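Hi,

Here is the model I promised to pass on. Have a look at it first, and then read on for my notes.

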Amino acid sequence: MLPNLRRACHQRKPFGGKRILRYKIRMPRPISLALAIALLASLGACATQTGGVKNTTKTFTTVVVDAGHGGKDSGAYRRSGPPEKVVALDVAQRLERKLRESQLKTVMIRSSDVFIPLDERVAIENSQKNAIFVSIHFNDSRKRGIRGVETYYHSGASSELANRIQAKLMTIPHSGDRGVHTANFRVLRMASYPAVLVECGFLSNRADGKQARDWEYRELLADRIAEAIVEQRYGPGVYQPSGRLALQLQPASTGPAGSTPAAH
């Protein structure tokens, strides 16, 4: 028998003296007003916690640039080249310079070989107004054959920026595409604004490691990330590479050796 049914104790003899048994359905008690308010409050708190990232990808004026690791934390390290903390800082500094040249305000999490705890990095990124956060890293793996670039994000507000950065990095010749993924990294999970983390290649891989040791390749990495950020804010065609890199990116002449393209 269902638990909400109980047998009635009342007995009547309305027809020919036959007893009729009656059953009553016990209805659940109404939820108290205090309990209802508490439930609504808890749901509201959950919505604030999971949806609290402000989407500034079309309005940001500041870019917080984070060079991964630093100081006592070397990150990925291989005998054949510098540790991750060194090459990540170099790319981050190049990126920061390009963003400033594009009239964007920048904040560097670290500008030298110092150790910055993750909680402090989060505090710095969230102290900025109308900003986005970009963290630069290099990867490592026990499988030496794994190579390529990948970009991570956590909030839905960060997805478009992450995909744009990955697409720009894939225009670098011989780049390996490991795609765009979500991740629960603290600097992404705790961010109040759109935040992405870029893994610029595997130092454990011979080809990727060789590229990471080349300053021109690191310049290309910074340039493509900067281009993606500027386009995300202002639209395609706005970003202009500077100096020597602009000359390197000019298309080669298709005419005979030593000739110049015809004027149009």
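The sheet is the place to start: six strands make an open sheet, ordered β4-β3-β5-β8-β6-β7, with mixed pairing. The edges belong to β4 (105-108) and β7 (177-182), each with a single partner strand, so one side of each has no neighbour in the sheet. On average, neighbouring strands here are turned by 20° against each other, direction ignored. For the record, axes are lines fitted to C-alpha atoms (for helices over the stretch in contact), and angles run from 0 to 180 degrees between N-to-C directions. Helices (H or I, at least four residues) and strands (E, at least two) are DSSP runs numbered from the N terminus, and two strands pair if DSSP finds at least two bridges between them.

Before the details, the usual small print. This is a predicted model, in which local features need pLDDT of at least 70 and side-chain atom pairs count only at pLDDT 80 or more, while totals for chains, interfaces and linings use all residues. Residues are numbered from 1 along each chain as its sequence is written, and side-chain values use heavy atoms, with hydrogens and water left out.

Now for the strands one by one. β3 (residues 62-67) runs parallel to β4, and four bridges join the two. Val 63 stands opposite Thr 106 in β4, and Val 64 is set opposite Val 107 in that strand. On the β5 side, β3 is again parallel to its partner, this time with six bridges; Asp 66 faces Ser 135 of β5 there. Six of the six residues of β3 are buried, so the strand is largely enclosed by the rest of the structure. (Buried means under 20% relative accessible area, exposed over 50%, and partly exposed in between, with a 1.4 Å probe and protein chains only.) Thr 62, Val 64 and Asp 66 point one way, Val 63, Val 65 and Ala 67 the other, and all are buried.

β5 (131-139) tells a similar story. Nine of the nine residues of β5 are buried, so this strand too is largely enclosed by the rest of the structure. Both of its faces are covered: Ala 131, Phe 133, Ser 135, His 137 and Asn 139 are on one side, with Ile 132, Val 134, Ile 136 and Phe 138 on the other. Six bridges also join β5 to β8 (residues 195-202), and these two run parallel. His 137 has Glu 199 as its bridge partner in β8.

Next, the helix I looked at. α2 (residues 84-101) has 18 residues and reaches 26 Å from its first C-alpha to its last, close to the 26 Å expected at 1.5 Å a residue; the expected span is 1.5 Å times one less than the number of residues. Of the 18 residues of α2, 13 are buried, so the helix is largely enclosed by the rest of the structure. Gln 103, with a positive phi near 70°, follows α2.

Some loop residues are worth a click as well. Most residues other than glycine have a negative phi. His 69 is not a glycine, yet its phi is positive, about 65°. His 69 is in the loop between β3 and α2 and counts as buried, at 19% relative accessibility. His 174 also has a positive phi, near 65°; His 174 sits in the loop between α4 (159-169) and β7 and counts as exposed, at 68%. Lys 129, in the loop between α3 and β5, is exposed too, at 71% relative accessibility. Lys 129 and Thr 56 are 73 residues apart in sequence but 9.5 Å apart in space, C-alpha to C-alpha.

Last, the cavities. On a 1 Å grid over the protein atoms alone, a cavity is a set of points where a 1.4 Å probe fits but cannot get out, and lining residues have an atom within 4 Å of a point. Grid points are joined across faces, edges and corners, and a volume is the space filled by probe spheres set on the points. There are two cavities of 30 Å³ or more, and the second largest holds about 40 Å³. Its lining includes Val 64, Glu 125, Phe 133 and Tyr 193. α3 (118-126) and β5 are the elements giving two or more residues to that lining, and β5 has the largest share, with three.

Cheers

Methods. On a 1 Å grid over the protein atoms alone, a cavity is a set of points where a 1.4 Å probe fits but cannot get out, and a pocket is an open set with protein on both sides within 12 Å along at least five of seven lines; lining residues have an atom within 4 Å of a point.
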